[in-house]
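Dear colleague,

Please find below the structure that I am handing over to you. My notes on it follow directly after.

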Amino acid sequence: MMDIEILKEGVFDEADDSEKNPEKEYKNAVSTKDLSVYFNKRAAIDKISLKIKKNTVTAIIGPSGCGKSTFLRSLNLMHDLVPKARVFGEIFIHNEDINNFNAVDIRKKVGMVFQKPNPFPTMSIYDNVVAGLKLNGYHKKSELDEIAEKNLKYSGLWEEVKDRLKTPAVSLSGGQQQRLCIARTIAVKPEIILMDEPSSALDPISTSKIEELIYHFREYYTIIIVTHNMQQAARVSDQTAFLYLGKLIEFSKTRRMFTNPKEKLTEEYVTGKFG
Amino acid sequence: MTTSSILKNPSNLRRRKITNSVMLMLCILAAIITILPLLYIFFYTTQSGVSSLNIDFFTQLPKPVGEEGGGMANAIAGSAILIGIGAMIGIPVGILSGIYISEYSKSFISTIVKFITDVLSGVPSIIVGIFAYGIIVIPMQRFSALAGGFALGILMIPTITKITEEMLKLVPQSLREASLALGVSRWKTTLKIVLKTASSGIVTGVLLAIARAAGETAPLLFTSFGNSFWQTSIDEPMAALPLQIFAYAISPYDDWHRQAWAGAFVLIFLVFVVNLIVRIVTRNKFSGNL
């Protein structure tokens, strides 16, 4: 189904798009130029430059330790927390230099879903969904109720939890917790969502639910997803970036990446020869 | 030595079994030695104290020498006030410094602060009393509840700092990241997510520190000093339960001895209750979140 969709639309041929629709539709949501991140003196990622268009799903693949998560976390300034991390190069969010914003504003625009479901253990299901709003001083109950319901519906959790919104979030199963975390992320209305192996800790059924969400979310958000699962990358993404030892080896349409990659290294990786 | 050689050599196996039971007995003996003094203190104090305990003990002031009866109402109130002052100093300073060490400081600063905290927790409480004497009693020219509470507060700080720091370190980094990723500021994340998640553990630490301070006598000797009269203003000398017990116990009067036992019983009972509360709080914590 995915393949047909991409074939039909054929939207990701870079040269064509800009002419067809110069302004709104295909503007870059995220772009980086020579982005490097150093931990101590070791480069975790090395001069990565790429452009990610709005309302697309981008998969980042590569063997363990190749810098996938490091790249992802630099996009919402998570490295600020790590004293030994230093970031070089430029990042643009919607064509604006990331340095023009403070970290809090960037993180409102660029949400993140983590590998392990991490609902706040002291909070109920309801409070988790609206946590981002409440913690930022938004307390109008009627609107919060509405936001909670809406976002739980978006994340496909509403039917399962509507009768127990006040119970602790940790009482949910792992897959439900992860969808709760997604609801929590989209409740603050981000434009871009970063997902760091969002289904690697989940069972196959939960995984397929998450993938379904990602598939539908592209209408509203730009999604960048790190994954170890080649099939997942093929299923959900429009384009794929292959990282190896901190370098960007190849970045192209997912279909091409998995059928006819430009680089030999990519071919070896996607066919499972290493990694 | 392999498994087969044990099986082939029964004498070796017997020796191991004997060693095993001897070591086990030693462990049990050590455990009994640990528990025995506490049980002894508890029963002996209860036995001697309960009989002298009556409603007067909680409501009356000490009677002059020679008169029967009287109570320790002023000392009980005094202890409450002193611990209150101590808590007002110890809890905020302890928790805030714990937050600083765990969440904000660079590693070398936190190492220094942690080391100093450890040293402070090892300082004999009478030295802390002398410290309070030096910086509050001497300038004020008199003993006061303020000085006593200050000394107790200083004694609470290291315990609270340490437990706060350890409890905050237990909060998974993923929760901090989850909050920050929602566009929540650092201090709100610390306050509303990190501190709240660790709160039951921190409450435990605070209660333990209070229980500890409640029983302290030495730092009060030349700060709060003691008082035989009703006194609630904090710039005057004030009675405290442990001080009163000390004064009565070294007196030559039987009636006072009985009252000292009653006081000791009340003190131990309070510490016991606080520890019980701590148990309940911690049990909830581990069965629930974190």
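The notes below take the two sheets of chain A, then the helices of chain B, and lastly the contact between the chains.

Please bear in mind throughout that this is a predicted model.

**The six-stranded sheet of chain A**

Six strands of chain A make up an open sheet with mixed pairing, and their order is β6-β7-β8-β3-β9-β10. The edge positions belong to β6 and β10 (247-253) of chain A; each has a single partner strand, so one side of each is left without a neighbour in the sheet. From one strand to the next, the twist averages 20°.

At one end of that order, strand β9 (residues 239-244) of chain A pairs with β10(A) in the antiparallel sense, over six bridges. Within this pairing, T240(A) has S252(A) in β10(A) as its bridge partner. Helix α9 (residues 174-187) of chain A packs on the sheet, where it touches β6 and β7 (192-196) of chain A. The direction of α9(A) makes about 175° with that of β6(A).

**The four-stranded sheet of chain A**

A further open sheet of chain A has four strands in the order β2-β1-β4-β5, and its pairing is antiparallel. Its edge strands are β2 (42-53) and β5 of chain A, each of which pairs on one side only.

Strand β1 (residues 28-39) and strand β4 (residues 85-93) of chain A run antiparallel and are joined by eight bridges. Two positions may help you to check the register of this pair. S36(A) has F88(A) in β4(A) as its bridge partner, and F39(A) stands opposite A85(A) in β4(A).

On its other pairing, β4(A) is joined by two bridges to strand β5 (residues 96-97) of chain A, again in the antiparallel sense. Here the bridge partner of I93(A) is E96(A) in β5(A). The strands β4(A) and β5(A) form a hairpin with two residues between them. In the turn, H94(A) has a positive phi of about 50°.

**Helix packing in chain B**

Two helices of chain B that pack on α7(B) are described here, beginning with α6(B). Helix α6 (residues 125-140) of chain B and α7(B) pack at an angle of about 135°, and their axes are 9 Å apart. Because angles over 115 and up to 145 degrees fall outside the parallel, antiparallel and perpendicular classes, α6(B) and α7(B) are oblique to each other. Their crossing is right-handed. On the α6(B) side, the contact involves S125(B), V128(B), G129(B), A132(B), Y133(B), I136(B) and V137(B). These meet L146(B), A147(B), F150(B), A151(B), I154(B) and L155(B) in α7(B). By class, this contact has eleven nonpolar, two polar and no charged residues.

Helix α5 (residues 107-122) of chain B packs on α7(B) at an angle of about 140°, with the axes 8 Å apart. The helices α5(B) and α7(B) are therefore also oblique to each other, but their crossing is left-handed. From α5(B), the residues T117(B), L120(B) and S121(B) meet I157(B), P158(B), T159(B), T161(B) and K162(B) in α7(B). By class, the contact of α5(B) with α7(B) has three nonpolar, four polar and one charged residues.

**A residue of α7(B)**

F150(B) lies in helix α7 (residues 145-170) of chain B. Is F150(B) buried or exposed? With 27 other C-beta atoms within 10 Å, F150(B) is buried, since 20 or more is the criterion for that class. Leaving aside residues up to four places away in sequence, F150(B) touches I85(B), I89(B), A132(B) and I136(B). Of these, A132(B) and I136(B) also appear in the contact of α6(B) with α7(B). The C-alpha atoms of F150(B) and L82(B) are separated by 8.3 Å, although the two residues are 68 residues apart along the chain.

**Contact between the chains**

Across the interface, 21 residues of chain A are in contact with 19 residues of chain B. On the side of chain A that touches chain B, the elements that give two or more residues are α4 (103-109), β6 (110-113) and α6 (131-135) of chain A. That side has eleven nonpolar, six polar and four charged residues by class. The strand β6(A) thus appears in two of the settings above: it stands at an edge of the six-stranded sheet, and it gives residues to the contact with chain B.

With kind regards

Definitions and conventions
Residues numbered from 1 in each chain as written. Chains lettered and ligands numbered in written order. Predicted model: local features only at pLDDT ≥ 70, side-chain atom pairs only at ≥ 80, totals over all residues. Contact = placed C-beta atoms within 7 Å. Nonpolar A, V, L, I, M, F, W, Y, C, P; charged D, E, K, R; others polar. Pairing = 2+ DSSP bridges. Axes fitted to C-alpha atoms, helices over the stretch in contact; angles between N-to-C directions. Buried ≥ 20, exposed ≤ 12 C-beta atoms within 10 Å, placed from the backbone. Parallel < 35°, antiparallel > 145°, perpendicular 65-115°, else oblique. Left-handed = near helix turned anticlockwise from the far one by under 90°.
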